[in-house]
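Here's a set of worked exercises to try with the model open in your viewer. Have a go at each task before you read the solution.

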Amino acid sequence: MLIKLAWKSTLNRKASVALTLVTIAISVMLLLSVERVRQDAKSSFANTISGTDLIVGARTGDIQLLLSSVFRIGHANNAIQWQSYEYIKAQRGVAWSIPISLGDSHKGFAVLGTDTSYFSHYQYAKKQHLTFAAGRPFHNSQEVVLGAMVAKKLGYQLGQKIVISHGMGNTSFHHHDDNPLVISGILAATGTPVDKTLHVPLSAIESMHSSGHSKPSRIVARKQDATHHEHEHEHEHEHEHEHEHEHEHEHDSKNNNALVHNLDSKPGDLIGSTKQITAFLLGFDSPLYTLQVRRNINQYKGEPLLAIMPGVTLRELWEMLDIVEKILLLITLAVVLISLLGMLTSLLATLNQRRRELAILRSVGARPWHIFTLLISEAIFITVLGCIFGVALFYALLIAAQSGLQSQFGVVLNISALSTYELMLLSVIIGAGTLIGAIPAARAYFYSLADGMQIKT
């Protein structure tokens with residue numbers, strides 16, 4: 001009877017109760033959203049790379065190397081000489097290696113130069129290998145493999161030709177129009193930065209950059225020759241121009257034949273004449289080799305290099321961001337507390353108006369503890385309903401923000417049942433609402449005694 005009476009009393013004050021419900025629901029939604037994004041962000045970052053023992057790059061900060069080489073955030077300051085890469089990957093215990101070359105883009109998406117070992121050894125999540133949703137890996141320097149999000153957002157299909165741009169920004173003024181690439185494969189979605197990356201052979205990177213630099217110099221040379229020959233005889237001009245043309249044609253033929261020879265002789269590597277790379281990944285036959293090779297790389301005298309362990313560096317990153325997480329959690333808890341204080345204000349404001357109602361209840365036999373239970377039950381009803389509506393808003397927000405967070409920040413939101421920790425947060429909120437509801441309930445208890453309704457024994 002008391003529960004039924006408390007429910008009807010709550011419905012009788014629709015306006016004030018509705019406002020209180022909205023504030024509690026919004027605060028619960030914010031608290032759960034911050035917690036879910038925090039957990040899923042950690043999970044997404046941790047799932048980006050798996051099974052890689054070392055990441056090697058030019059000497060810089062550990063976190064900067066991790067962000068630039070794996071998450072495509074920021075830029076590498078220097079490059080690594082190819083001879084250094086060849087020397088290190090030949091060290092004892094190295095099971096596999098993946099070279100990485102960054103610096104180009106396509107419509108805002110990063111372009112990664114590598115070889116076919118990338119598709120064989122790169123792992124994400126819990127040591128899951130990359131798979132193809134369509135097509136196959138690249139077989140020559142004129143092919144490109146797209147990440148799932150690149151293909152989906154730009155609407156690309158197998159066999160289409162695309163042009164790579166120089167630089168990592170969304171807008172580029174230098175396009176490699178003379179080296180269009182054909183889409184040979186599209187990777188399956190991974191929920192990592194791989195989805196937002198275009199993968200090309202290292203030989204394609206070298207070919208695009210070398211051709212982009214040779215053409216302007218050749219044009220300048222021709223202009224200088226033309227200016228010089230204007231003051232000579234026409235016969236000498238024609239003879240030298242013909243000789244120069246034959247020399248250029250012979251030089252181009254040698255370069256093209258050399259490139260074709262490289263691609264034909266190393267169809268699996270597709271390295272071409274690469275001189276520098278941005279970084280490379282290493283995997284070992286045994287974890288015992290990791291620390292030894294890492295120390296050797298950090299002491300390498302050929303050039304300043306840095307080797308990091310992805311898992312350790314990622315933990316360092318989260319330790320740096322720990323204070324930010326705590327601040328966000330405190331802010332959301334403060335919002336929840338403010339909403340509960342709003343409920344307290346509403347209950348206290350209406351308490352004086354309900355003294356007549358409480359007196360009538362005492363007159364029909366209600367005892368002071370009945371009044372106390374009635375008021376605290378109303379507070380519990382409001383808090384529980386606020387939590388229920390807050391959870392509904394939380395899932396609606398997850399569904400709405402899922403694609404945006406994944407495309408913009410690479411954070412994959414997990415739309416699943418509430419975790420144990422999240423349920424614990426809700427129970428704390430309901431408990432806090434009950435305690436706050438006890439304040440007006442206690443006042444109502446003493447009101448019932450002060451109004452002369454004390455039952456004589």
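**Exercise 1.** Find the residue in S12 that Val111 stands opposite, and work out how the strands around it pair.

*Solution.* Step one: Val111 sits across from Leu198 in S12. (Strands, E, of at least two residues and helices, H or I, of at least four are DSSP runs, numbered from the N terminus.) This is a predicted model, where local features need pLDDT of at least 70 and side-chain atom pairs count only at pLDDT 80 or more, while totals for chains, interfaces and linings use all residues. Residues are numbered from 1 along each chain as its sequence is written, and side-chain values use heavy atoms, with hydrogens and water left out.

Step two: S4 and strand S12 (residues 197–201) run parallel, over 5 bridges; two strands pair if DSSP finds at least two bridges between them.

Step three: strand S3 (residues 94–106) pairs with S4 too, in the antiparallel sense and over 4 bridges. Ser105 has Ala110 in S4 as its bridge partner.

Step four: check burial. Strand S4 (residues 109–114) has 6 of its 6 residues buried, so it is largely enclosed by the rest of the structure. Buried means under 20% relative accessible area, exposed means over 50%, and partly exposed is in between (1.4 Å probe, protein chains only).

**Exercise 2.** Look at the turn between S3 and S4: what is the sign of phi at Lys107?

*Solution.* The hairpin of S3 and S4 has 2 residues between the strands. Lys107 lies in that loop, and its phi is positive, about 55°, although it is not a glycine. With a relative accessible area of 56%, Lys107 is exposed.

Now try Ala125, in the loop between strand S5 (123–124) and strand S6 (128–129). Its phi is positive as well, near 50°, but Ala125 is buried, at 17% relative accessible area.

**Exercise 3.** Trace the salt bridges of Glu325: which residues join it in one network?

*Solution.* The structure holds 7 salt bridges, each a side-chain nitrogen of Lys or Arg within 4 Å of a carboxyl oxygen of Asp or Glu.

- Start with Arg38: its closest N and O atoms with Glu325 are 3.1 Å apart. Glu325 lies in helix H11 (residues 322–351) and Arg38 in helix H2, so the pair ties together parts that are 287 residues apart in sequence.
- Next is Lys42, which meets Glu325 at 3.7 Å, N to O. Lys42 is in helix H2 and Glu325 in helix H11, 283 residues apart.
- Then compare exposure: Glu325 is buried at 11%, whereas Arg38 is partly exposed at 21% and Lys42 is partly exposed at 27%.
- For a local case, take Glu86 and Lys89, with closest N and O atoms 3.8 Å apart. They are 3 residues apart in helix H4 (residues 82–89), so about one helical turn separates them.
- Finally, assemble the network: shared partners join Glu35, Arg38, Lys42 and Glu325.

**Exercise 4.** Find the largest nonpolar core: how many residues does it have?

*Solution.* The recipe is to take buried Ala, Val, Leu, Ile, Met, Phe, Trp, Tyr and Cys residues joined through side-chain atoms within 4.5 Å. The largest such core has 56 residues, and those with the most contacts inside it are Ile55, Tyr118, Tyr122, Leu281 and Met343. Helix H2 (residues 14–47) gives the most to this core, 9 residues.

Zoom in on Ile55. Beyond its neighbours within four places in sequence, its contacts (heavy atoms within 4.5 Å) include Leu65, Val70, Phe280, Leu281 and Ile308.

**Exercise 5.** Which helix gives the most residues to the lining of the largest cavity?

*Solution.* The structure holds 3 cavities of 30 Å³ or more, and the largest has about 80 Å³ of space. Among its lining residues are Gly57, Arg59, Leu65, Ser68, Asn77 and Thr278. (On a 1 Å grid over the protein atoms alone, a cavity is a set of points where a 1.4 Å probe fits but cannot get out; lining residues have an atom within 4 Å of a point. Points are joined across faces, edges and corners, and the volume is the space filled by probe spheres set on them.) Strand S1 (54–58) and helix H3 (62–70) each give two or more residues to this lining. H3 gives the most, with 3 residues.

Conventions:
1 Å grid on protein atoms, 1.4 Å probe; cavity = no way out; pocket = protein on both sides within 12 Å on 5 of 7 lines; lining within 4 Å.
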